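Open the model in your viewer and keep the selection panel at hand. Each stop below says what to select and what is there.

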Amino acid sequence: MNRRFVVAMARRELRASRRRFALYGSCMALGIAALVGLHGLRATVRGAVDAQSRQLLGADLRLASRAPLDASLEALVARLTDVEGYAAARITRFRSMALATRSGRTRLVDVQAVAGSYPFYGTVRTEPPGLWAQLQDADHAALVDRSLLVQLDARFGDTLTLGEARFRVAGAITRAPGSFGVRTQVAPRVFIARRYVKETRLVRPGSLVDHLVYLRAAEEPLGHWLGAHRTTLAAARVRVQTVAGYQKELTRTFGVLTRYLGLVGLAALALGGVGVAAGVRVFVREKLDTVAVLRALGAGSGDVLAAYGLLAVALGAGAGLAGAALGVALQWVLPAVLGGLLPVEVDATIEPTAIATGIALGLWLTVIFAAGPLLDLGRVPPLRALRRDFAGERTSLRGRAALVGALAATLLAASVWQAPSPLVGLSFAGGLGAALALLAGTAAAAAVWLRRHRLRRAPFWLRQGIANLFRPRNHTVATVLAVGFGLFLVSTLQAVRENVLRQIAIDTRPDRPNLVLFDVQRDQRAEIAAFVTERGATIVEQAPLVSARIARIAGRDVTDRLGDETPDRDLRWALRREYRTTYSADLRPSESVAAGRWWTPQDLATAKPAAVSIETEIAGTLGVRPGDRIHWDVQGVLIESVVRSLRDVDWGRLATNFFVVFPPGVLEQAPQNVVLLLRLADADARAALQRDLVGRFPNVSALDASVILFALDALLREVGLAVRLLALFTLATGLSILVAAAATARHERTREALLLRTLGASSRTVRRIVATEAVALGAIAAAVGSGLALLASWALVRWLFELPFDPPLRDLAVLAVGTLAITATLGAMSGRPARAKSPLAALREAELSGTGAG
Amino acid sequence: MIVARNLTQRYPLADGRPALTVLGGVDLDVAAGEVVAVLGPSGSGKTTLLGLLAGLDQPTEGAVTLDGVALGALSEDERAALRAERVGFVFQSFQLVQTLTALENVLVPLELLPASRRPAPSEAERRARDWLERVGLGNRLDHYPAQLSGGEQQRVGIARAFANDPRVLFADEPTGNLDRETGGEVVELLLTLNRELGTTLVVVTHDSELAGRATRIVHLAGGRIARIERNT
């Protein structure tokens with residue numbers, strides 16, 4: 001290979017086409033930026049979590065139990081007393097209604113009653129500062145999450161009622177271990193001193209309470225202690241959270257989120273690749289004559305390929321560097337967008353691995369996308385220098401298949417690498433391929449249809465403009481791919497979000513409950529029923545709630561099973577959890593029997609052992625089928641049961657849904673409380689009811705459907721904003737491609753426009769031709785993108801979220817019209833220079849910029 | 001310098017029709033330093049003959065020996081290497097690389113020379129400048145083709161053709177895109193340089209004035225040599 005020639009030619013071509021290459025490069029740069037930004041942020045978060053892991057947990061170890069630790073467990077903890085650095089703090093955590101007396105507003109809150117010098121690591125920041133240290137000694141002081149102040153319309157100094165105790169809102173918590181923006185929105189926290197728990201009278205038998213013990217001790221002896229007693233703790237259903245485990249949990253959740261977001265970045269990158277391929281194809285078309293001359297002058301095919309391949313490498317490297325720079329900048333923006341989802345406060349840092357990965361991926365994808373068109377240059381026959389009509393052979397079918405294979409393998413590998421799991425990666429790659437193929441296929445079909453159904457009687461400019469969509473060297477497929485894909489992503493996200501939120505909103509319609517009352521004691525049921533009915537509420541559903549744990553399953557004690565190293569995370573959770581079971585003679589509307597059969601009155605009379613019905617998914621985790629036996633520990637009483645049926649449950653509905661249902665006649669004597677689902681249309685009346693309820697029945701908690709909607713909306717908004725930001729990158733990539741394609745079209749169409757003007761067409765006619773083509777392209781792209789979005793969102797809503805689909809046509813129409821307008825404007829603007837100049841001046845310019853025969 | 005024997009070129013046609021014979025059984029010898037003009041009406045096979053003699057294409061039948069090298073035995077890349085070292089071209093439509101300046105266009109053949117004959121970059125540039133000065137474009141070195149007139153572009157083409165000191169120069173209608181006066185100037189330049197350097201010149205032309213200044217005129221008709229005229 002003649003290296004000097006190769007480098008010199010690549011340099012000269014780059015110099016001549018730098019603007020075009022900058023445009024092509026920008027298509028790739030945005031996708032690279034998204035990936036670099038997200039990977040950088042993930043690495044930064046991981047680093048921050050690693051560095052602050054003790055501060056995040058606030059201790060070296062946390063023990064959590066639903067029951068207070070019994071004497072033997074307390075003795076176990078006491079063994080640590082002599083260990084160097086030992087300290088213990090306790091938090092009793094439960095949910096409660098909080099009533100702000102001045103505003104009269106109520107809200108379900110997460111009460112954390114603290115004793116001891118928690119946290120041992122890190123600090124709790126308050127507003128005004130320094131209040132945390134005074135919490136233990138201050139009289140009835142409460143520190144609350146800032147979001148609660150807003151929700152309750154409360155101020156510092158206001159009185160806050162929790163159960164039967166009254167507290168003074170001393171200040172707000174601005175940062176505390178384990179706090180996330182979104183988490184505090186969903187369940188705002190109220191910190192009080194633990195000595196006031198009794199006074200609230202909210203912790204009773206059957207209440208859902210977490211007893212947390214935070215421990216500080218020297219690492220090695222603590223490790224030994226944990227190793228020695230892990231089985232005992234597991235058997236006593238004490239959950240153990242180590243610093244390392246907490247670290248992993250925090251980074252995993254955020255990692256999964258960034259990985260999902262990264263897939264959107266990858267989509268932008270793939271789309272950018274399509275743009276590069278389209279741009280390079282046009283570039284190659286223009287270079288055929290140049291290459292033929294070079295070949296006639298003695299350049300080998302290897303020299304030609306190397307020179308133009310080097311150009312592709314330069315393009316990829318340039319795009320990679322620009323994308324990496326933009327990605328680093330994005331790292332400063334992302335924490336603001338994802339603020340509520342970040343487990344730690346982070347300062348953006350430069351992450352060399354993320355940058356190197358982004359550049360390498362961008363470079364490789366650019367080269368591989370450009371390789372297809374470029375390989376044709378290696379086959380340009382020198383004879384073409386004498387005869388322009390002498391076409392060379394195209395790259396062999398095998399060569400093309402190898403390239404497509406390499407491309408598919410790269411995208412597949414990148415998707416699997418980027419995705420949270422291989423299955424998600426494979427599905428994403430498949431979906432991406434299908435979407436691109438559908439967009440390209442539909443665009444090609446539209447072009448064919450237009451060719452076959454010509455507008456014979458339309459004005460000249462309209463016929464010419466439409467004909468530009470199917471004539472040789474048209475940009476229909478490239479534009480529809482570029483713009484349609486971006487629109488497809490944004491519209492799909494919008495349609496899915498709308499449908500999920502609408503489903504919740506549907507539950508606020510007349511026949512659906514919109515207020516849930518928890519922790520109603522059995523002896524309060526009648527009184528509360530009368531109380532709520534008096535205030536205009538209708539009781540839609542009610543169910544008794546009995547807490548139970550699995551004691552024995554598949555012939556083995558759960559404590560044995562939990563002692564095993566083998567059970568996976570889900571199984572451990574299913575074995576260890578406390579089930580809120582109910583008993584009922586009938587199936588609920590949100591349930592259907594998937595296996596076995598529902599009980600009949602005859603069964604109930606004779607059933608021994610007791611029948612039980614299990615929800616399908618958790619039955620799968622537990623590995624039980626109809627006929628299997630499960631022993632339940634119902635608050636100290638052992639009950640043997642046989643699985644009679646498996647039930648599918650529609651969890652999407654606000655209803656009393658249960659994993660485990662017993663028939664009547666089994667649990668009636670067990671300690672229990674009742675959950676009531678109410679319907680009260682008027683929001684003010686609902687707020688008043690909750691306020692009165694808290695005053696009269698302080699142990700009862702109420703959850704307003706609007707709070708669930710609010711929380712879900714907050715979460716969707718937070719995640720949705722990030723996804724939309726990334727989707728906008730894709731749309732911006734599409735627009736870059738559009739600008740590149742429009743610029744290319746201008747190069748190619750200039751001569752034609754000039755010819756038309758020479759033949760007497762007015763500049764207005766030329767302008768109309770350009771505008772017609774731009775509008776038609778935009779319309780096809782918008783229609784195809786929106787249509788595909790409808791299809792994809794229907795599939796996602798129907799099959800993934802398992803909800804009914806109702807297309808948000810107005811939103812989609814607004815997005816489609818917006819896209820059409822942008823596409824048409826950009827496209828029409830691209831024809832401007834050719835119109836503005838005199839035919840002669842523009843012809844010279846076109847020659848100069850390399851449009852003419854090379 | 002060039003020996004062509006039984007040169008035949010056929011192009012297959014679609015639909016199973018018999019192949020189109022563009023050139024049939026041409027025998028031609030060109031001696032070193034000779035100026036041979038190939039004349040004939042459109043479609044007589046002139047350009048095809050030029051392409052085959054220069055090794056730009058392979059004949060369906062027959063053989064070409066160029067400067068002692070049998071082209072049939074070479075691969076396309078080997079023929080390209082031979083062209084880089086021993087052949088120069090002047091084209092009807094100038095075929096300058098539009099994205100390269102005049103100087104860079106003339107530099108290309110020097111950069112394509114085999115490593116053993118390739119001048120150092122500064123030397124290559126000096127030679128390219130010299131050539132452009134010789135063709136009267138010393139003041140247009142950094143101009144792009146689109147900034148030059150047709151006659152000037154063809155002068156750059158001639159400078160490029162001679163830059164690698166070729167043994168044979170093939171010219172395809174070198175005045176075909178120029179007016180009479182400019183065409184005359186270009187012919188003068190081409191023949192002067194050819195004379196000075198002793199290059200063998202094979203030129204396809206319609207221009208009887210140019211043909212009249214060749215040592216031999218090969219008349220082609222229907223893909224065959226109709227007659228050969230020798231100028232005295």
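**Stop 1: one arginine in chain A**

Select A:Arg576, which sits in helix α17 (residues 569–576) of chain A. The model is a predicted one. Is A:Arg576 buried, exposed or partly exposed? A residue counts as buried with 20 or more other C-beta atoms within 10 Å, and as exposed with 12 or fewer. A:Arg576 has 19 C-beta neighbours inside 10 Å, so A:Arg576 counts as partly exposed.

Now show what surrounds this residue. Apart from neighbours within four places in sequence, A:Arg576 is in contact with A:Arg237 and A:Leu562. Add A:Ala551, which lies 25 residues away from A:Arg576 along the chain. The C-alpha atoms of A:Ala551 and A:Arg576 are 9.2 Å apart.

**Stop 2: strands around β18(A)**

Select strand β18 (residues 637–649) of chain A, then add its partners one by one. Strand β15 (residues 591–596) of chain A runs antiparallel to β18(A), and five bridges join them. Label A:Ser592 to find its opposite number in β18(A), A:Asp648.

Next, add strand β16 (residues 610–615) of chain A, which runs parallel to β18(A) and is joined to it by six bridges. Here A:Ala611 stands opposite A:Val642 of β18(A).

Then add strand β17 (residues 629–634) of chain A, which pairs with β18(A) in the antiparallel sense over six bridges. Which residue of β18(A) is the bridge partner of A:Trp632? The partner is A:Ile639. β17(A) and β18(A) form a hairpin with two residues between them. In the turn, A:Gln635 has a positive phi of about 45°.

**Stop 3: two helices side by side**

Select helix α2 (residues 18–57) and helix α8 (residues 243–296) of chain A. Their axes are 8 Å apart, and the helices pack at an angle of about 175°. Angles over 145 degrees count as roughly antiparallel, so α2(A) is roughly antiparallel to α8(A). Colour the contact by residue class: there are 25 nonpolar, twelve polar and five charged residues.

**Stop 4: helix α20 of chain A**

Select residues 683–696 of chain A, which make up helix α20. The helix has 14 residues and reaches 20 Å from its first C-alpha to its last, close to the 20 Å expected at 1.5 Å a residue. Which residues of α20(A) are buried? They are A:Arg686, A:Leu689, A:Gln690, A:Arg691, A:Leu693 and A:Val694. The elements that these buried residues pack against include β2 (87–100), β3 (105–115) and α15 (525–534) of chain A.

**Stop 5: the sheet of chain B**

Move to chain B, where four strands form an open sheet in the order β2-β1-β4-β5, with antiparallel pairing. The edge strands are β2 (20–30) and β5 (69–70) of chain B, each of which pairs on one side only. Within the sheet, five bridges join β1 (residues 2–11) to β4 (residues 61–66) of chain B. One residue to label is B:Ile2, which stands opposite B:Leu66 in β4(B). Now show α1(B), which lies across β1, β2 and β4 of chain B and runs at about 125° to β1(B).

**Stop 6: where the chains meet**

Finally, select the contact between the chains, with 30 residues from chain A and 27 residues from chain B. On the chain B side, the elements giving two or more residues are α1 (46–53), α2 (76–86) and α3 (102–111) of chain B. The largest share, six residues, comes from α2(B). By class, this side has 14 nonpolar, six polar and seven charged residues.

Conventions:
Residues are numbered from 1 along each chain as its sequence is written. Chains are lettered from A and ligands numbered from 1 in the order in which they are written. This is a predicted model: local features need pLDDT of at least 70, side-chain atom pairs count only at pLDDT 80 or more; totals for chains, interfaces and linings use all residues. Two residues are in contact if their C-beta atoms, placed from the backbone, lie within 7 Å. Ala, Val, Leu, Ile, Met, Phe, Trp, Tyr, Cys and Pro count as nonpolar, Asp, Glu, Lys and Arg as charged, and the others, Gly among them, as polar. Two strands pair if DSSP finds at least two bridges between them. Axes are lines fitted to C-alpha atoms, for helices over the stretch in contact, and angles run from 0 to 180 degrees between N-to-C directions. Angles under 35 degrees count as roughly parallel, over 145 as roughly antiparallel, 65 to 115 as roughly perpendicular and the rest as oblique. The expected span of a helix is 1.5 Å times one less than its number of residues.
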